[in-house]
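User: I've got a model open and I'd like to go through the terms people use for it. Can you tie each one to its numbers for me?

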Amino acid sequence: MSADHYFTAEPDGPFHKGEIEFTVAGRDYRLAVASGVFSAGRLDPGTAVLLRKGGLPGPSAEGTMLDLGCGYGPIACVLASEAPGVTVHAIDVNARARELAVENAERLGLSGRVLVSAPDDVPDDVTFTEIWSNPPTHVGKAELHTLMERWLPRLAPGGVAWLVINRNLGGDSLHTWLTGLGWTVERVASQRGFRVLRVTGNSAD
């Protein structure tokens, strides 16, 4: 699998558009996808595990959440659908992914609460009650660590991050590394070769 789509701001490959369908928490979704965007052929298995095993917010949830590396927006759309009281920042470096995430939020009537942007465009003073991510493990450990070091400290007090990591691509080592930084990390599920991690409170702060 090529990792080009993870950190390519403007994919230069052909634009082939399609749709995928999936169900989360009893709700059906049909989202637009396209070539040059992560997992355009289906809902990524890691994302599916995260949405099935992570602690999805309920209807009474409030606050601001982050979909880190949103792709075409499946996580952001699920979060905003499940929790009508939350705002979700959906960020990705890939312009094509952001275009699709905007379209998918509009399809579902979520565009006022799913705020799609490039990472650098998120205001510095915004913090998050929850961070959700199927992060780009294929870019290598150094890039993955840089991503975590940038965004996890923006959890609000009492906030939680839900991460899904392929076991064979560093799931257990990321767990150990985050714990070494002072985060409280719990493996809440292990399914289909993926680890779902719940990350809270950095005691080093």
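User: Let's start here: what makes Lys17 count as partly exposed?

Analyst: One thing up front: this is a predicted model. Lys17 has 47% relative accessibility, and partly exposed is the range between buried, under 20%, and exposed, over 50%. The value falls in that range, so Lys17 counts as partly exposed.

User: How do you know that Glu103 forms a salt bridge with Lys17?

Analyst: Look at the closest N and O atoms of Glu103 and Lys17: they are 2.6 Å apart. The cut-off is 4 Å between a Lys or Arg side-chain nitrogen and an Asp or Glu carboxyl oxygen, so the pair qualifies. Glu103 sits in helix α4 and Lys17 in strand β1, 86 residues apart, so this pair links distant parts of the chain. Glu103 is partly exposed too, with a relative accessible area of 22%.

User: And what makes Arg30 and Glu19 a salt bridge?

Analyst: Their N to O distance is 3.8 Å, and the limit is 4 Å, so this pair also passes. Arg30 is in strand β2 (residues 27–34) and Glu19 in strand β1, so the bridge ties together parts that are 11 residues apart in sequence. Both are partly exposed: Arg30 at 46% and Glu19 at 45%.

User: Which residues are linked with these in a network of salt bridges?

Analyst: The network takes in Lys17, Glu19, Glu21, Arg30, Glu103 and Arg107. In total, the structure holds 9 salt bridges. Another of them joins Asp172 and Arg187, with the closest N and O atoms 3.3 Å apart. That pair links helix α6 (residues 171–180) to strand β8, 15 residues apart. Asp172 has 32% relative accessibility and Arg187 has 40%, so each counts as partly exposed.

User: Why is Ala101 called buried?

Analyst: Its relative accessible area is 1%, and buried means under 20%, so Ala101 is buried. You'll find Ala101 in helix α4 (residues 95–107). Leaving out residues up to four places away in sequence, Ala101 touches Cys70, Gly71, Tyr72, Gly73 and Val116.

User: What makes α3 mostly covered?

Analyst: Count the residues: 9 of its 9 are buried. Pro74, Cys77 and Leu79 are among them, and so is Glu82. Helix α3 (residues 74–82) packs on the sheet, where it touches β3, β4, β5 and β6. Its direction makes about 175° with that of β4.

User: How do you know which strands are the edges of that sheet?

Analyst: Read the order of the 7 strands: β5-β4-β3-β6-β7-β9-β8, an open sheet with mixed pairing. β5 (114–117) and β8 (184–191) each pair on one side only, and these are the edge strands. On average, neighbouring strands are turned by 15° against each other, direction ignored.

User: What makes β8 and β9 a pair?

Analyst: Two strands pair if there are at least two bridges between them. β8 and β9 (residues 194–200) have 7, in the antiparallel sense, so they meet that rule. Take Val185 as an example: its bridge partner in β9 is Val199. Helix α2 (residues 45–53) lies across β6, β7, β8 and β9, running at about 50° to β9.

Key:
Residues are numbered from 1 along each chain as its sequence is written. This is a predicted model: local features need pLDDT of at least 70, side-chain atom pairs count only at pLDDT 80 or more; totals for chains, interfaces and linings use all residues. Side-chain values use heavy atoms; hydrogens and water are left out. Helices (H or I, at least four residues) and strands (E, at least two) are DSSP runs, numbered from the N terminus. Axes are lines fitted to C-alpha atoms, for helices over the stretch in contact, and angles run from 0 to 180 degrees between N-to-C directions. Contact means heavy atoms within 4.5 Å. Buried means under 20% relative accessible area, exposed over 50%, partly exposed in between (1.4 Å probe, protein chains only).
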